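Subject: Structure handover

Hello,

Here is the structure for your files. My notes on the ligands, the metal site, the pockets and a few individual residues follow below.

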Amino acid sequence: MVGVTNVFADWQKEEFSTMGTNIVVEVFHHDAQVRDQAILKVKAEMERVNQSMSTYIDSSELSQLNQTAYGQKVKVSQELFELLELCHKISELTNGAFDITYASVGYLYNFPEKLAPNNQQIQQKLSAINYQFVELDPIHNTVKFLNKDVKVDLGGIAKGHAVDNSIEILSALGIKHALVTAGGDTRLLGDRLGKPWIVGIRDPRNKDKQAVVVPLTDSALSTSGDYERYFEKDGTRYHHIISPTTGKSSYGVQSVSILGEQSVYTDALSTAIFVLGLEKGLGLINSLDNFEAIVMDDNRKLHFSTGLQQN
Ligand code: AMP
Ligand code: MG
C-alpha cells in the first residue's frame, strides 16, 4: 500500500549488563544508523557511570574518595559533587532514611557469599552512619569525611542518575520515543506511538509474575525490593536495603515503587521509602508534589499514594 510504512521496523531493543544489573534500551527512530548510535551511546554512558561510581572498582572516583577523604578535603568531579549534594538533600527530606553512609556498615555484607556482620561488628561501625559526616564544600567541589569509619556508596541513586543521563542523550539525538531500564529503574521518553508504555512491577516473591502493571508516558518509575540482593539464613532474610538506624536490613515492606519525572529522584526515594516503611513512607510521598507510590507490605497487600487512589 502506498504511503504506509512498517513502524514496527523502526523500533530497536537491546539488553546488556553493567552497574551490577540488567539494562534494557528500546528506541524508536526511522533511521537505523541513529538507532544504532543511540544504543551505543547509552551503553557507553552506563559504563562510564559504573567506572566512576562503583565501589566494586578500586580505581573509581568513588572508591578513591572512600580511601582518602577522612580528615582532608578531596576535590571531586562536578558530576560526583552534584550527586553528593542531591544525596544530602534527599537525606534531609527523608529524615535520614536515605543515607549513603549506610555503607560504613553496609560494606560488611556480602550477598553472593551469604555473609552478614554480627551484632558486635555492626555496633563497632554503626555510629559512622550519618550523612552529616560527609562535608561538602560547593566553592571548591571538595568532600571531607568527619569520621574515620565513614564509607559512602551510591548504589541507591547511581542507576537513576545513569538512566536520566541516557534519556538526555537519546533526546539530543532527536529520539522522541524510548525506554531505558537499569535494574529496578525505568524512564520513558514519550509514549509508544499513541499508547502509553506498560511497565510491570514484579511480584517480590515470584520473578515470573507481575504484581501491578502501570501505563506511563514521559515519566520515571523505580522499584526497590527485598529480593534484588538477598540470602536467607536461620529464618532471617538478609537483603540489600539497610536501615541507617540499625545497620540491618529494613523490614516491614517487600517492595516500594515510586513514580516521578526523573529517575535520580525516584531511585533514591524508592530506597528511602522502603526504609521509612508503609505509614511514614506513604505520608512523605503524599506530602510531595509530583511523586506517587505503590507499596507492597509484608502481608503482600498493595497500598497506593493518594494521587493514585480512585474513589
Ligand atoms: P535500590 O536498588 O535503588 O533499591 O537501592 C538499593 C541499594 O542502595 C543497595 O544495594 C545499596 O547499595 C544502597 N542502599 C542500601 N540502603 C541504603 C540507605 N539506607 N540509603 C541509601 N542507600 C542505600
Ligand atoms: Mg532506589
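A polar contact here is a pair of N or O atoms within 3.5 Å. Please keep in mind throughout that this is a predicted model.

Ligand 1

By that cut-off, the side chain of Tyr-102 makes a polar contact with ligand 1, because one of its N or O atoms is 2.8 Å from an oxygen atom of the ligand. The side chain of Ser-224 also has an N or O atom 2.5 Å from an oxygen of ligand 1. For Thr-271, the distance from a polar side-chain atom to an oxygen atom of ligand 1 is 3.0 Å. In total, 16 residues surround ligand 1. The closest of these are Tyr-102, Ser-224, His-240, Ile-242 and Asp-267.

The magnesium ion

Ligand 2 is a magnesium ion, and its protein donors come from Asp-267, Ser-270 and Thr-271. Asp-267 donates through both O and OD, Ser-270 through OG and Thr-271 through OG1. These donor atoms lie 2.1 to 2.7 Å from the ion. Along the sequence, the donor residues follow the spacing D-x2-S-T. Asp-267 and Ser-270 both belong to helix H7, where they sit 3 residues apart, or about one turn of the helix.

Are these two donors buried or exposed? Asp-267 has a relative accessible area of 3%, so it is buried. Ser-270 is buried as well, because its relative accessibility is 0%.

Two of the donor residues also appear in the account of ligand 1: Asp-267 is among the residues closest to that ligand, and Thr-271 has the 3.0 Å approach to one of its oxygen atoms.

Pockets

The largest pocket holds about 1,300 Å³ of space. It is lined by 49 residues, and those closest to its centre are Tyr-56, Tyr-102, Asp-153, Gly-155 and Arg-229. Tyr-102 is thus listed here and also among the residues closest to ligand 1. At least two lining residues come from each of helix H1 (32–53), helix H2 (61–68), helix H4 (103–106), helix H6 (158–172), strand E10 (220–225) and helix H7 (263–276). The element that gives the most to this lining is H7, with 4 residues. Sorted by class, the lining has 20 nonpolar, 20 polar and 9 charged residues.

The volume of the second largest pocket is about 670 Å³. Its lining consists of 25 residues, with Thr-181, Gly-183, Gly-184, Gly-200 and Arg-202 nearest the centre. Two or more lining residues are supplied by each of strand E1 (11–18), strand E2 (21–28), strand E6 (177–182), strand E8 (197–203), strand E9 (206–216) and E10. E8 provides the largest share, 6 residues. The classes here are 8 nonpolar, 9 polar and 8 charged.

Cavity

How many cavities of 30 Å³ or more does a search of the whole structure find? There is 1. The space in the largest cavity is about 60 Å³. Its lining is made up of Leu-84, Cys-87, His-88, Ser-91, Ile-100, Tyr-131, Val-134 and Leu-136. Helix H3 (78–93) and strand E4 (134–137) each contribute at least two of the lining residues, and H3 contributes the most, with 4. The lining divides into 6 nonpolar and 2 polar residues, with no charged ones.

Individual residues

Two residues that are not glycine have a positive phi. Lys-114 has a phi of about 55 degrees and is found in the loop between H4 and helix H5 (119–126). Its relative accessibility is 48%, so Lys-114 counts as partly exposed. Asp-234 has a phi of about 50 degrees and lies in the loop between strand E11 (230–233) and strand E12 (236–239). Asp-234 counts as exposed, because its relative accessibility is 78%.

Asn-66 is part of helix H2. With a relative accessibility of 18%, Asn-66 falls under the 20% limit and therefore counts as buried. Its side chain reaches the backbone nitrogen of Val-152 at 2.8 Å.

Regards

Notes: Residues numbered from 1 in each chain as written. Chains lettered and ligands numbered in written order. Predicted model: local features only at pLDDT ≥ 70, side-chain atom pairs only at ≥ 80, totals over all residues. Heavy atoms only, no water. 1 Å grid on protein atoms, 1.4 Å probe; cavity = no way out; pocket = protein on both sides within 12 Å on 5 of 7 lines; lining within 4 Å. Points joined across faces, edges and corners; volume = space filled by probe spheres on them. Nonpolar A, V, L, I, M, F, W, Y, C, P; charged D, E, K, R; others polar. Donors = N, O, S within 2.8 Å, 3.2 Å for Na, K, Ca; no water. Buried < 20%, exposed > 50% of the residue type's maximum accessible area, 1.4 Å probe, protein only. Near = heavy atom within 4 Å. Polar contact = N/O pair within 3.5 Å; in protein donor to acceptor, adjacent residues only side chain to side chain.
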